[in-house]
Amino acid sequence: MSEEDLNVDGHTLTRWEQHRFMLLVGGTILISLFLVSVSLALYASSGAAQLDLSRPGYQSVREQASRSDTFDEFPSTGNIDDKAISQFRTLYDKQAEQATKVDSFGGNVMTDQTLSIDAPVDESDATAQ
């Protein structure tokens with residue numbers, strides 16, 4: 001092809017062919033803005049915004065939040081013997097019992113006690129009542 005043929009081909013491009021890259025970029029930006037707005041609407045309407053302590057307005061609450069080091073965890077290293085399996089099953093059954101006793105469709109699913117984020121209760125105090 002000669003240079004003249006290439007120039008003729010360049011002038012016969014349609015408007016879509018001339019601006020398709022910019023239209024693709026613009027379309028991508030519009031789609032991303034739509035998806036971000038949907039995700040922010042879900043974040044606000046689901047109640048997750050009220051649980052998010054990383055927001056700037058909750059700095060005073062964040063300082064009051066206590067971290068509990070009383071979590072019983074199974075060690076990731078060590079021998080696998082009958083004692084380790086028994087210990088794992090005990091810890092697993094304890095956590096499974098707490099997870100299954102929650103009424104998933106009840107009105108108190110998001111309470112501090114149900115989510116296990118309240119102050120730890122001493123078991124000797126609970127049995128005395």
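**Exercise 1. Is Phe88 buried, partly exposed or exposed, and what is its relative accessible area?**

Some ground rules before the solution. This is a predicted model, where local features need pLDDT of at least 70, side-chain atom pairs count only at pLDDT 80 or more, and totals for chains, interfaces and linings use all residues. Residues are numbered from 1 along each chain as its sequence is written, and side-chain values use heavy atoms, with hydrogens and water left out.

Step 1: get the cut-offs: buried is under 20% relative accessible area, exposed is over 50%, and partly exposed is in between (1.4 Å probe, protein chains only).
Step 2: Phe88 has 40%, so partly exposed is the label.
Step 3: try Tyr92, which comes out exposed at 51%.
Step 4: for the whole protein chain, 2% of the 129 residues count as buried.

**Exercise 2. Classify the ring pair of Phe88 and Tyr92.**

Step 1: rings of Phe, Tyr and Trp (its six-membered ring) pair if their centres lie within 6.5 Å; planes under 30 degrees apart are stacked, over 60 edge-to-face, and the rest tilted.
Step 2: the rule yields one aromatic pair.
Step 3: the centres of Phe88 and Tyr92 are 6.0 Å apart and the planes sit at 25°, so call this pair stacked.
Step 4: both residues belong to helix H5 (residues 82-100), four residues apart, which puts about one helical turn between them.
Step 5: the general background is that an α-helix has 3.6 residues a turn, so residues three or four places apart point the same way.

**Exercise 3. Check the length of H2 and find where H2 bends.**

Step 1: helices (H or I, at least four residues) and strands (E, at least two) are DSSP runs, numbered from the N terminus. The protein chain has six helices and zero strands.
Step 2: the expected span is 1.5 Å times one less than the number of residues. For the 31 residues of H2 that gives 45 Å, and the end C-alpha atoms are 42 Å apart, which agrees.
Step 3: a bend is the angle between axes fitted to the seven residues ending at a residue and the seven starting there. H2 has one of about 50° at Phe21.
Step 4: just after H2, Gly47 takes a positive phi of about 95°.
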